[in-house]
Amino acid sequence: MTIQDKRALMLLKSLIFHYHGLDEDENKILTESARQYEAMEELDWANAFIAEDYLSAFERSREFFNQTIKPKSKEVKLDYLKSVWEDNNKKGYLTEMEATAMLNLAKEWDIQKELMEHVREG
């Protein structure tokens, strides 16, 4: 996984968790994920990206995702969103805003059907 790939994944995860305000449990999950991918610096980058302007973070991230994630294969895009979905399940709940954000990205990336199949299986 390249640095850009790690940044994209960490930004995606952090952005979804920040939707309603990042709590302590979510921060632990993000840190655990960053360690798993050896991406602590990329998580720091993602959090700084969001903190730069919280209100525009989702729109700004879409531009970044269009350059880094959207050109990838359906399988890779689905792996990214599945990873985020699974991290959200670790905290025991998924907010409507988080689910909607992931579904909107899946639609933009033309993997909505595949993500829904994964959700139904889980």
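Asp 110 counts as exposed, at 52% relative accessibility. The cut-off for that word is over 50%. This is a predicted model, and every value here is computed from it. Asp 110 sits in the loop between H6 and H7. Its backbone deserves a look. Phi of Asp 110 is positive, about 60°, although the residue is not a glycine. Most residues other than glycine have a negative phi.

Glu 38 shows a positive phi as well, near 50°, and it too is a residue other than glycine. Find Glu 38 in the loop between H2 and H3. Is Glu 38 buried or exposed? Glu 38 is exposed, with a relative accessible area of 65%.

Go back to the two helices on either side of Asp 110. H6 and H7 pack with their axes 7 Å apart, at an angle of about 140°. The two helices are therefore oblique to each other. An angle has to be over 145 degrees to count as roughly antiparallel. Which residues make the contact? From H6 come Met 102, Leu 103, Ala 106 and Lys 107. From H7 come Gln 112, Leu 115 and Met 116. By type, the contact of H6 with H7 has five nonpolar residues, one polar and one charged.

Now turn to the aromatic rings. Two rings pair if their centres lie within 6.5 Å. By this rule the model has five aromatic pairs. Take Tyr 19 and Phe 58. Their ring centres are 5.8 Å apart and their planes stand at 70°, so the pair is edge-to-face. The cut-off for edge-to-face is over 60 degrees. Where do the two residues lie? Tyr 19 is in the loop between helix H1 (3–17) and helix H2 (24–36), and Phe 58 is in helix H4 (residues 57–68), so the pair ties together parts that are 39 residues apart in sequence. Tyr 19 is partly exposed, at 26% relative accessible area. Phe 58 counts as buried, at 16% relative accessibility. Buried means under 20%.

Phe 65 and Trp 109 form another aromatic pair. Their centres are 6.0 Å apart, the angle between the planes is 90°, and the pair is edge-to-face. Phe 65 belongs to helix H4, while Trp 109 lies in the loop between helix H6 (96–108) and helix H7 (112–121), so this pair links parts that are 44 residues apart in sequence. Are these two residues buried or exposed? Phe 65 counts as buried, at 1% relative accessibility. Trp 109 is buried too, with a relative accessibility of 1%.

Phe 65 and Trp 109 also belong to a cluster. Trp 45, Phe 49, Phe 64, Phe 65 and Trp 109 form one aromatic cluster. One ring of this cluster has a charged neighbour. Which residue lies over the face of Phe 49? Arg 60 does, at 4.4 Å from the ring centre.

Next, follow helix H3 (residues 40–52), the home of Ala 46. Ala 46 counts as buried, at 0% relative accessibility. What does Ala 46 touch, setting aside residues up to four places away in sequence? The answer is Met 10, Leu 11 and Ser 14. For a sense of scale, compare Ala 46 with Asp 79. They are 33 residues apart along the chain, and their C-alpha atoms are separated by 19 Å.

Asn 47 is also in helix H3. At 22% relative accessibility, Asn 47 counts as partly exposed. Leaving aside neighbours within four places in sequence, Asn 47 is in contact with Ser 14 and His 18. Ser 14 is thus shared: Ala 46 touches it, and so does Asn 47. The C-alpha atoms of Asn 47 and Glu 108 are separated by 23 Å, with their positions 61 residues apart along the chain.

End in helix H2, where Ser 33 has its place. Ser 33 is buried, with a relative accessible area of 2%. Which residues does Ser 33 touch, not counting those up to four places away in sequence? They are Met 10, Lys 13 and Asp 87. Met 10 has appeared before, as one of the residues touched by Ala 46.

Methods: Residues are numbered from 1 along each chain as its sequence is written. This is a predicted model: local features need pLDDT of at least 70, side-chain atom pairs count only at pLDDT 80 or more; totals for chains, interfaces and linings use all residues. Side-chain values use heavy atoms; hydrogens and water are left out. Rings of Phe, Tyr and Trp (its six-membered ring) pair if their centres lie within 6.5 Å; planes under 30 degrees apart count as stacked, over 60 as edge-to-face and the rest as tilted. Helices (H or I, at least four residues) and strands (E, at least two) are DSSP runs, numbered from the N terminus. Buried means under 20% relative accessible area, exposed over 50%, partly exposed in between (1.4 Å probe, protein chains only). A charge sits over a ring if NZ of Lys or CZ of Arg is within 6 Å of the ring centre and within 35 degrees of the ring normal. Axes are lines fitted to C-alpha atoms, for helices over the stretch in contact, and angles run from 0 to 180 degrees between N-to-C directions. Angles under 35 degrees count as roughly parallel, over 145 as roughly antiparallel, 65 to 115 as roughly perpendicular and the rest as oblique. Contact means heavy atoms within 4.5 Å. Ala, Val, Leu, Ile, Met, Phe, Trp, Tyr, Cys and Pro count as nonpolar, Asp, Glu, Lys and Arg as charged, and the others, Gly among them, as polar.
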